[in-house]
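User: I'd like a close look at one part of this model and how it sits among its neighbours. Could you walk me through it in one connected answer?

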Amino acid sequence: MEYRADSFLPLHKDTFHILVSLADRDRHGYSIMQDVQQRTGGKLRLSPSTLYAAIKRLLEQGLIDELAERPDPDHDDERRRYYHLTPLGREVALAEARRMEQLLADARACGLLPQEA
């Protein structure tokens, strides 16, 4: 079954942050949690149960894949699972970013936020 990116929107904030975390490189679960925490200045902390429930759902939806090969097997914990953003996942993350960008433009247009300089 083929999905359109906008059929996933709006994304839950946790889901969006996970996709953003995987946009620049493949990561294992703990690395995703650390990246989200760092990117949000500690405002969003994903618990392991939240993260792995979201990962399971994202795998089922085809938005991410689990890597078959490990980036550096000689210097890595074999229990770690690495995840990769699929082309559909990238498309969905981009669609959500554009949706949020439009919300900000609307907020500026009605005076809720100041106009950009």
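User: Is Arg-39 buried, partly exposed or exposed, by its relative accessibility? Please start there and work outwards through the helix packing around it.

Analyst: Happy to. Please keep in mind that this is a predicted model. Arg-39 counts as partly exposed, because its relative accessibility is 42%.

Let's begin with its charged partner. The side chains of Arg-39 and Asp-24 form a salt bridge, with 3.5 Å from N to O. This pair ties together distant parts of the chain: Asp-24 lies in the loop between α1 and β1 (27-28), while Arg-39 belongs to helix α2 (residues 29-39), and 15 residues separate them. Through salt bridges with shared partners, Asp-24, Arg-27, Asp-35 and Arg-39 become one network.

Asp-24 also pairs with Arg-27, where the salt bridge again has 3.5 Å from N to O. Arg-27 counts as buried, because its relative accessibility is 5%. Across the whole structure, a search turns up 8 salt bridges. Another of them brings together the side chains of Arg-4 and Asp-6, at 2.6 Å from N to O. There, Arg-4 counts as exposed at 58% relative accessibility, and Asp-6 is partly exposed with a relative accessible area of 40%.

Back to Arg-39, which also takes part in the packing of two helices. On the α2 side, Ile-32, Asp-35, Val-36 and Arg-39 meet His-17, Ile-18, Val-20, Ser-21 and Leu-22 of α1. Sorted by class, the contact of α1 with α2 has 5 nonpolar, 2 polar and 2 charged residues. As for geometry, α1 and α2 pack at an angle of about 105°, and their axes are 9 Å apart. That angle is why α1 is described as roughly perpendicular to α2.

Helix α1 (residues 13-23) has a second partner in helix α3 (residues 48-61), with an angle of about 75° between them and their axes 10 Å apart. These two helices are therefore roughly perpendicular to each other as well. In this contact, Asp-14, Thr-15, Ile-18 and Leu-19 come from α1, and they meet Thr-50, Leu-51, Ala-54, Arg-57 and Leu-58 of α3. The residues of the contact of α1 with α3 divide into 5 nonpolar, 2 polar and 2 charged. Ile-18 appears in the contact with α3 and also in the contact with α2.

How does α1 fare for burial? Its buried residues are Asp-14, Thr-15, Phe-16, Ile-18, Leu-19, Ser-21 and Leu-22. A useful piece of background is that an α-helix has 3.6 residues a turn, so residues three or four places apart point the same way. The cover over the buried residues of α1 includes β1, α2, α3, β2 (64-66), β3 (82-85) and α4 (87-109).

One of those covering elements, β1, holds His-28. At 10% relative accessibility, His-28 counts as buried. Leaving aside residues up to four places away in sequence, His-28 touches Arg-80, Arg-81 and Tyr-82.

Another covering element, helix α4, contains Glu-91. Glu-91 is partly exposed, with a relative accessible area of 45%. From C-alpha to C-alpha, Glu-91 and Ser-7 are 11 Å apart in space, although their positions lie 84 residues apart in sequence.

Just ahead of this packing there is a backbone detail you may want to inspect. A cis peptide bond joins Leu-9 and Pro-10, with omega at about -5°. Pro-10 sits in the segment before α1. For context, most peptide bonds are trans.

Stepping back to the whole chain, there are 4 helices and 3 strands, and they follow the pattern α-β-α-α-β-β-α along the sequence. Of the 117 residues in the chain, 32% are buried. Among contacts between residues at least 6 apart in sequence, 51% join residues at least 24 apart. Taken along the principal axes, the C-alpha atoms fill a box of roughly 55 × 35 × 25 Å.

Finally, a word on confidence. The chain has a mean pLDDT of 92, and 91% of its residues reach 70 or more. Confidence is highest in α1, at 98, and lowest in β1, at a mean of 94.

Terms used. Residues are numbered from 1 along each chain as its sequence is written. This is a predicted model: local features need pLDDT of at least 70, side-chain atom pairs count only at pLDDT 80 or more; totals for chains, interfaces and linings use all residues. Side-chain values use heavy atoms; hydrogens and water are left out. Axes are lines fitted to C-alpha atoms, for helices over the stretch in contact, and angles run from 0 to 180 degrees between N-to-C directions. Angles under 35 degrees count as roughly parallel, over 145 as roughly antiparallel, 65 to 115 as roughly perpendicular and the rest as oblique. Contact means heavy atoms within 4.5 Å. Ala, Val, Leu, Ile, Met, Phe, Trp, Tyr, Cys and Pro count as nonpolar, Asp, Glu, Lys and Arg as charged, and the others, Gly among them, as polar. A salt bridge is a side-chain nitrogen of Lys or Arg within 4 Å of a carboxyl oxygen of Asp or Glu. Buried means under 20% relative accessible area, exposed over 50%, partly exposed in between (1.4 Å probe, protein chains only). pLDDT is the predictor's confidence in each residue, from 0 to 100.
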